[in-house]
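Colleague: I'd like a close look at one part of this model, the sheet and whatever packs on it. Could you walk me through that part in one go?

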Amino acid sequence: MASDDKKNVMRDIKVDKLILNCCVGESGDRLTRAARVLEQLTGQQPVYSKARYTLRSFGIRRNEKIAVHVTVRGEKALEILERGLKVKEYELLQRNFSETGNFGFGINEHIDLGIKYDPTTGIYGMDFFVCLTRPGARVARRKVRQSRVGFNHKVTKEDAIKWFQDKFEGVVLAKEI
């Protein structure tokens, strides 16, 4: 019934969202500069994250703003992800992928993404988190006639690795070298 040239479009995997996180570990001027870097990179207004509890050894207090993050969707997410993977030379580790089909990695310097270095801003590292999904995943989040996504339709770790290797010709290493 189904031939090789017709594949099910509902099984295609796409990037739902890309979350960029820059944790400075302190509030103040360094955090606002990190927010400016994220805004420069994405063109969106970043959101500040607060500390959940006080850690005296790190010098942070509860509810103190310590990080900024931004969620990017659509074509812009793919373009920023491409730049981030170029920094990592399209190599990720097996442990970068979660069982639910998402993956993440970090970069040490934001200037590797193509942003010009500014001495007043400094250099910030950031984390990339990619959420993968299939068409039809909205049924689990909608308000009316909500239902569950079936087990065969969920994105698994193997699906995410295969998608990464096909889409970006990436290499997944078993362990760090």
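Modeller: Sure. Start with the open sheet: 5 strands in the order S2-S3-S1-S6-S5, with antiparallel pairing. Strands here are DSSP runs of E, at least two residues, and helices are runs of H or I, at least four residues, numbered from the N terminus; two strands pair if DSSP finds at least two bridges between them. At the edges sit strand S2 (47-50) and strand S5 (103-107), each pairing on one side only. On average, neighbouring strands of the sheet are turned by 25° against each other, direction ignored. (Axes are lines fitted to C-alpha atoms, for helices over the stretch in contact, and angles run from 0 to 180 degrees between N-to-C directions.)

A word on what you're looking at: this is a predicted model, where local features need pLDDT of at least 70, side-chain atom pairs count only at pLDDT 80 or more, and totals for chains, interfaces and linings use all residues. Residues are numbered from 1 along each chain as its sequence is written, and side-chain values use heavy atoms, with hydrogens and water left out.

Now zoom in on S1 (residues 14-23) and S3 (residues 65-72): they run antiparallel and 6 bridges join them. One pairing to find is leucine 20, whose bridge partner in S3 is valine 70. Helix H1 (residues 29-42) packs on the sheet, touching S1, S2, S3 and strand S6 (126-133), and its direction makes about 5° with that of S3. Contact, by the way, means heavy atoms within 4.5 Å.

H1's buried residues are Leu31, Arg33, Ala34, Ala35, Val37, Leu38, Leu41 and Thr42. Buried is under 20% relative accessible area, exposed is over 50% and partly exposed is in between (1.4 Å probe, protein chains only). Their cover includes S1, S2, S3, helix H2 (75-87) and S6. Right after H1 comes glycine 43, with a positive phi near 80°.

H1 also supplies the largest share, 6 residues, of the largest nonpolar core. That core has 39 residues, and Leu20, Leu81, Phe103, Met126, Phe128 and Leu132 have the most contacts inside it. (A nonpolar core is a set of buried Ala, Val, Leu, Ile, Met, Phe, Trp, Tyr and Cys residues joined through side-chain atoms within 4.5 Å.)

Last stop, histidine 110, in the loop between S5 and S6. Histidine 110 counts as buried because its relative accessibility is 2%. Beyond its neighbours within four places in sequence, histidine 110 is in contact with Val37, Ile115, Gly122, Ile123, Tyr124 and Met126.
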